[in-house]
Amino acid sequence: APVIRELLVAPEGLLARLSSKEDRQAAAIALVEGEAAGLAAADTRRVTAAVQLLTAAATWQALRHYWDMDGDDAARTATLAIDLILDAARSRAEGSTP
């Protein structure tokens with residue numbers, strides 16, 4: 001918890017998070033494209049952003065503050081939300097026409 005808090009409030013924390021922005025985006029895009037091939041490009045971008053948001057330190061902090069979750073429960077919550085988002089993305093991709 002102290003490390004995550006410091007990453008969120010220290011100016012160096014933002015720099016650290018942004019230093020690997022492209023790598024994080026590429027990994028998230030690869031995940032969504034692999035799970036929901038055929039999804040429209042705009043939807044892929046939006047789904048990817050939502051998935052990445054759920055793995056952010058700020059999401060952990062919000063779950064901790066607003067729902068009194070520990071790290072394990074926050075991780076399980078984020079994982080469930082990501083699973084549900086990807087299920088919906090797969091359904092949307094399957095329903096789209098090439």
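Start by selecting Arg 90, which is partly exposed at a relative accessible area of 24%. Keep in mind as you click around that this is a predicted model.

Now add Glu 35 to the selection: its side chain and that of Arg 90 meet in a salt bridge, 2.4 Å from N to O. The pair ties together distant parts of the chain, with Arg 90 in helix 6 and Glu 35 in helix 3 (residues 21-35), 55 residues apart. Glu 35 is also partly exposed, at 35% relative accessibility.

Next, go to helix 4 (residues 41-54), where you will find both Asp 43 and Arg 46, three residues apart, or about one turn of the helix. Their side chains form a salt bridge of 3.9 Å, N to O. Arg 46 is exposed, at 57% relative accessibility.

Stay on Asp 43 and bring in Arg 92, another salt-bridge partner, with the closest N and O atoms 3.3 Å apart. This pair reaches from helix 6 (Arg 92) to helix 4 (Asp 43), 49 residues apart in the chain. Arg 92 is exposed, with a relative accessible area of 54%.

For a wider view, select Glu 35, Asp 87 and Arg 90 together: salt bridges with shared partners join them into one network. The whole structure holds five salt bridges.

Move on to Thr 59 in helix 5 (residues 57-67). Thr 59 is buried, because its relative accessible area of 15% is under the 20% cut-off. Show Leu 53 and Leu 54 too, since Thr 59 touches both.

Last stop: Asp 68, in the loop between helix 5 and helix 6 (71-95). Asp 68 is exposed, at 69% relative accessible area. Check its backbone: Asp 68 has a positive phi of about 55°, although it is not a glycine. Most residues other than glycine have a negative phi.

Conventions:
Residues numbered from 1 in each chain as written. Predicted model: local features only at pLDDT ≥ 70, side-chain atom pairs only at ≥ 80, totals over all residues. Heavy atoms only, no water. Helix = DSSP H or I, 4+ residues; strand = E, 2+ residues; numbered from the N terminus. Buried < 20%, exposed > 50% of the residue type's maximum accessible area, 1.4 Å probe, protein only. Contact = heavy atoms within 4.5 Å. Salt bridge = Lys/Arg side-chain N within 4 Å of Asp/Glu carboxyl O. Lists of a residue's contacts leave out its neighbours within four places in sequence.
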